[in-house]
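Work through these exercises with the sequence and the model open side by side. Try each task before reading its solution.

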Amino acid sequence: MTALDEAAFLCEVCARLPNADCCGCHDCAGRCAGNLRITRTEFEAIRRHLDGGGWFPAVRGDADMVVPCEFQEPDGPRCLVYPVRPLVCRLFGLVEWLPCPRGRLLPPVPDGLEIIRTYAAFERHTFREWLRAERAGPGGVLDASARARQRTETAPWPQ
Ligand code: SF4
C-alpha cells in the first residue's frame with residue numbers, strides 16, 4: 001500500500017472512532033508502553049507536534065524492553081502527543097483487548113480486528129528509527145534490527 005493509502009486509512013478510521021466515556025483518571029497510563037511501532041504518517045504528525053513545543057522524547061531503555069512510553073510527561077501520566085497519538089492509543093477503551101481499567105468500555109468498534117490488521121500491514125518503526133531514517137536522507141536506510149522486527153510484525157495476524 002502507498003503512503004497515500006496509509007494516510008487516507010488513518011484519517012478515515014480516526015474520524016469515525018467514537019470518543020470513549022473517559023473520566024480523565026489516567027489509570028490506563030501505566031499501559032502506555034514505550035517504543036511503539038508507528039507509521040510514517042504518525043511519525044510525521046508527532047514530529048510536527050514536537051517541533052512546535054521544542055521538546056524531544058527521552059530514550060527509555062533498550063528498544064526491545066517494555067518501558068514507559070517516551071511521549072509520557074516525564075513527571076506525570078499525561079500524554080504529550082495526545083492530539084496526534086498513534087492509532088493503537090486511540091483504540092484504548094474501544095476494543096476488547098485494550099480495555100479501560102475502570103470498565104468504561106463503549107460498545108466495541110465493530111471492525112476493530114480489521115482495523116488493527118490493516119494497520120499492522122503498514123510499515124511501522126519506532127519514532128527514533130524513523131528519525132534516523134529521515135536524517136539519513138531520501139530513502140533513508142533503517143537499521144537491520146528494525147527491519148527484522150518489521151518482518152515479524154507484518155506476519156499475518158492470527159485468526
Ligand atoms: S503516545 Fe501517548 S497515549 Fe500512546 S502510549 Fe505514548 S503516552 Fe500513551
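**Exercise 1: Helix H5**

H5 is followed by Gly 137, which has a positive phi near 100°. The model is predicted.

Task: State which residues of H5 are buried, and on which side of H5 they lie.

Solution.
- Step 1. Find the helix. H5 covers residues 127-135.
- Step 2. Pick out the buried residues. They are Phe 127, Glu 129 and Trp 130.
- Step 3. Place them around the axis. They cover an arc of only 165°, so they sit on the same side of H5.

**Exercise 2: Arg 128**

Task: Decide whether Arg 128 is buried, partly exposed or exposed.

Solution.
- Step 1. Locate the residue. Arg 128 lies in H5.
- Step 2. Count neighbours. Arg 128 has 15 C-beta neighbours inside 10 Å.
- Step 3. Apply the cut-offs. Buried needs 20 or more, and exposed means 12 or fewer. Arg 128 therefore counts as partly exposed.
- Step 4. Check a distant partner in sequence. Arg 37 is 91 residues away along the chain, yet the C-alpha atoms of Arg 128 and Arg 37 are 9.9 Å apart.

**Exercise 3: The cores**

Task: List the residues of the largest nonpolar core and name the helices that each supply at least two of them.

Solution.
- Step 1. List the eight residues: Ile 38, Phe 43, Ile 46, Cys 69, Phe 71, Val 81, Phe 127 and Trp 130.
- Step 2. Assign helices. H2 (40-53) and H5 each supply at least two.
- Step 3. Look elsewhere. Another core, of seven residues, lies apart from this one and includes Leu 10, Leu 91, Tyr 119 and Phe 122.

**Exercise 4: The ligand shell**

Task: Sort the residues around the ligand by character.

Solution.
- Step 1. Collect the shell. Among its residues are Cys 32, Cys 69, Cys 79 and Cys 89.
- Step 2. Sort. Eight are nonpolar, one is polar and one is charged.

Notes: Residues are numbered from 1 along each chain as its sequence is written. This is a predicted model: local features need pLDDT of at least 70, side-chain atom pairs count only at pLDDT 80 or more; totals for chains, interfaces and linings use all residues. A residue is near a molecule or strand if its C-beta atom, placed from the backbone, lies within 6 Å of it. Ala, Val, Leu, Ile, Met, Phe, Trp, Tyr, Cys and Pro count as nonpolar, Asp, Glu, Lys and Arg as charged, and the others, Gly among them, as polar. Helices (H or I, at least four residues) and strands (E, at least two) are DSSP runs, numbered from the N terminus. The arc is that of the directions from the helix axis to the C-beta atoms. A nonpolar core is a set of buried Ala, Val, Leu, Ile, Met, Phe, Trp, Tyr and Cys residues joined through C-beta atoms within 7 Å.
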